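Reader: I would like a close look at one part of this model, taken residue by residue and then set against the chain as a whole. Please keep to what can be computed from the atoms, and take the contacts of a single strand residue as the place to begin.

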Amino acid sequence: MRIELTLNGEATAVDVRADEMLIGVLNRLGLASVRETCGIGVCGACTVLVDGEPISGCLLLAPLAAGRDVTTVEGLGGDHPVQRAFADAHAFQCGWCTPGMVLTAKRLLEENPQPSEEEIRLGLAGNLCRCGCYVKIVDAVQHAAKEGAWTS
């Protein structure tokens, strides 16, 4: 079946199978930031924003994305304030979790522009970092909050 959606700000039409997960479609379209890791929606590596909400791409059937706005980290353009804050805070080692963390942090800051450390930790709880960079990740979100990253 053919679905139409807005992908990273661009109208996109793509053929999908009825049983295909969104992550597979996004990977087929060359979006490498959406990473399949656990396949059961607990790690956050495949996080995308669907209509602004963080969703595990490994759990969403691609046909359900029809007519919706899907944003991957590529859609932030590489210079979004949250991305800069992660780079400035060295909030990654291998970088595998970073796209999902960045998208989740972006949404967290939109909902709560000045989160406490506890609110940041709770807001990012669905994203796992296997390298254990949590201290720097929290630092990055706090820095982004100070810089007003939720406004972009």
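Author: Leaving out neighbours within four places in sequence, Thr71 is in contact with Asn8, Val48, Leu49, Leu76 and Leu103. This is a predicted model, and the contacts of Thr71 should be read as features of that prediction. Thr71 is found in strand β5, which covers residues 69-71, and it counts as buried because its relative accessibility is 16%, where the cut-off for buried is under 20%.

One of the contacts of Thr71 is Asn8, and that residue deserves a look of its own. Asn8 is placed in the loop between β1 and β2, and at 21% relative accessibility it counts as partly exposed. Its backbone is also worth noting, since Asn8 has a positive phi of about 55° although it is not a glycine. Most residues other than glycine have a negative phi.

The turn that holds Asn8 belongs to a hairpin, formed by β1 and β2 with two residues between them. The two strands, β1 with residues 2-7 and β2 with residues 10-15, pair in the antiparallel sense over six bridges. Within β1 lies Ile3, whose bridge partner in β2 is Val14. Ile3 counts as buried because its relative accessibility is 5%. Not counting residues up to four places away in sequence, Ile3 touches Thr12, Ala13, Val14 and Val16, and also Ala62, Pro63 and Ala66. For one of these, Val16, the separation from Ile3 is 13 residues in sequence and 7.1 Å in space, taken from C-alpha to C-alpha.

Another contact of Thr71 is Leu103, and helix α3 spans residues 98-111. Against α3, and also against α5 (residues 134-147), pack the buried residues of helix α2. In α2, which runs over residues 81-88, the buried residues are Pro81, Val82, Gln83, Ala85 and Phe86. An α-helix has 3.6 residues a turn, so residues three or four places apart point the same way. After α2 comes His90, with a positive phi near 50°, and this residue is likewise not a glycine. His90 lies in the loop between α2 and α3, and at 55% relative accessibility it counts as exposed, whereas Asn8 counts as partly exposed.

Set against the whole chain, these parts belong to a secondary structure of five helices and five strands, which follow one another along the sequence in the pattern β-β-α-β-β-β-α-α-α-α. Among contacts between residues at least 6 apart in sequence, 59% join residues at least 24 apart. Of the 152 residues, 47% count as buried, and Thr71 and Ile3 count as buried too.

As for overall dimensions, the radius of gyration of the protein chain is 15 Å, which agrees with the value near 15 Å that a compact globule of 152 residues would have. The C-alpha atoms fill a box of roughly 45 × 30 × 20 Å along the principal axes. The exposed area comes to about 7400 Å², of which carbon and sulfur atoms supply 52%. Finally, the chain carries 12 positive and 19 negative charges, and the mean positions of the two sets are 4 Å apart.

Technical notes:
Residues are numbered from 1 along each chain as its sequence is written. This is a predicted model: local features need pLDDT of at least 70, side-chain atom pairs count only at pLDDT 80 or more; totals for chains, interfaces and linings use all residues. Side-chain values use heavy atoms; hydrogens and water are left out. Helices (H or I, at least four residues) and strands (E, at least two) are DSSP runs, numbered from the N terminus. The radius of gyration is taken over C-alpha atoms; the globule rule is 2.2 Å times the number of residues to the power 0.38. Buried means under 20% relative accessible area, exposed over 50%, partly exposed in between (1.4 Å probe, protein chains only). Contact means heavy atoms within 4.5 Å. Accessible areas come from the Shrake-Rupley method with a 1.4 Å probe; for residues, only the protein chains shown count as cover. Lys and Arg count as positive and Asp and Glu as negative; His and the chain ends are not counted. The place of a charge is taken as NZ of Lys, CZ of Arg, CG of Asp or CD of Glu. Two strands pair if DSSP finds at least two bridges between them.
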